[in-house]
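Here is a short briefing to keep beside you while you look over the chain. Have the viewer open, and we will go through the surface, the helices and the side-chain pairs in turn.

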Amino acid sequence: MDDGKMVGGKAKKPGKRGRKPAKIDLKAKLERSRQSARECRARKKLRYQYLEELVSSKERAICALREELGMYKQWCSAMDQGKIPSEIKALLTGDDQKGHQRAPPKITKSPPSTNT
């Protein structure tokens, strides 16, 4: 008796199912693998460059915000001592003073609500 199974009156041989893989040239397969690895490394390098630039820009933004926070802290401590910083006076009077790194945001009043 043979090792195959009987299916529909036909003997089937045990083993792999489906199409047999075509004979692929080993050198061509290795070259495709190498090319794929090169492309993967290039994509990885680009991704890391992008992330490093993103981190760098975020760090610059953090430094700028820390400087701005320090300026606001100085203004607050000056106002706690009863002094009004010249920058705030300029904002209140609407004068433009040059030489400031970044002007604080303008405070706008919203129209009064009409609740009846």
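A good place to begin is the surface, where Y50, L51 and L54 form a nonpolar patch with about 280 Å² of accessible area together. L51 sits in helix α1, which covers residues 26-80. Please keep in mind that this is a predicted model.

**The nonpolar patch**
- L51 has a relative accessible area of 41%, so this residue is partly exposed.
- That value is over the 30% relative accessible area that patch residues need, and nonpolar side chains such as Leu and Tyr are joined into a patch within 5 Å.

**The chain as a whole**
- The protein chain has two helices and two strands.
- Reading from the N terminus, the order of its elements is β-β-α-α.
- The protein chain has 116 residues, and 7% of them count as buried.
- Its accessible surface is about 11,900 Å², with 56% of that belonging to carbon and sulfur atoms.

**Helix α1 from end to end**
- With 55 residues at 1.5 Å a residue, α1 should span 81 Å, and the end C-alpha atoms lie 80 Å apart, so the two values agree.
- Which residues of α1 are buried? They are E68, W75 and A78.
- These buried residues of α1 pack against α2, which runs over 86-93.
- After α1 comes G82, and the phi of this glycine is positive, near 90°.

**The aromatic pair**
- How many aromatic pairs are there? The count comes to one.
- That pair is Y72 with W75: the ring centres are 5.5 Å apart and the planes stand at 75°, so the arrangement is edge-to-face.
- The planes count as edge-to-face because their angle is over 60 degrees.
- Y72 and W75 are three residues apart in helix α1, so about one helical turn separates them.
- An α-helix has 3.6 residues a turn, which means that residues three or four places apart point the same way.
- The two partners differ in their cover: Y72 is partly exposed at 23% relative accessibility, whereas W75 is buried at 9%.
- The reason for these two labels is the cut-off: W75 is under 20% and so counts as buried, while Y72 lies between 20% and 50% and so counts as partly exposed.

**The salt bridges**
- The model has two salt bridges.
- One of them joins R34 to E31, with the closest N and O atoms 3.9 Å apart.
- R34 and E31 are both in helix α1, three residues apart, or about one turn of the helix.
- The side chains of E31 and R38 also meet in a salt bridge, at 3.0 Å from N to O.
- Both distances pass the test because a salt bridge needs the nitrogen within 4 Å of the carboxyl oxygen.
- Together, E31, R34 and R38 are linked in a network of salt bridges.
- Are the members of this network buried, exposed or partly exposed? R34 is partly exposed at 46% relative accessibility, E31 is partly exposed at 38%, and R38 is partly exposed at 38%.

Note on methods:
Residues are numbered from 1 along each chain as its sequence is written. This is a predicted model: local features need pLDDT of at least 70, side-chain atom pairs count only at pLDDT 80 or more; totals for chains, interfaces and linings use all residues. Side-chain values use heavy atoms; hydrogens and water are left out. Patches are made of residues with over 30% relative accessible area and no salt bridge: like charges are joined within 9 Å, nonpolar side chains (Val, Leu, Ile, Met, Phe, Trp, Tyr) within 5 Å. Accessible areas come from the Shrake-Rupley method with a 1.4 Å probe; for residues, only the protein chains shown count as cover. Helices (H or I, at least four residues) and strands (E, at least two) are DSSP runs, numbered from the N terminus. Buried means under 20% relative accessible area, exposed over 50%, partly exposed in between (1.4 Å probe, protein chains only). Rings of Phe, Tyr and Trp (its six-membered ring) pair if their centres lie within 6.5 Å; planes under 30 degrees apart count as stacked, over 60 as edge-to-face and the rest as tilted. The expected span of a helix is 1.5 Å times one less than its number of residues. Contact means heavy atoms within 4.5 Å.
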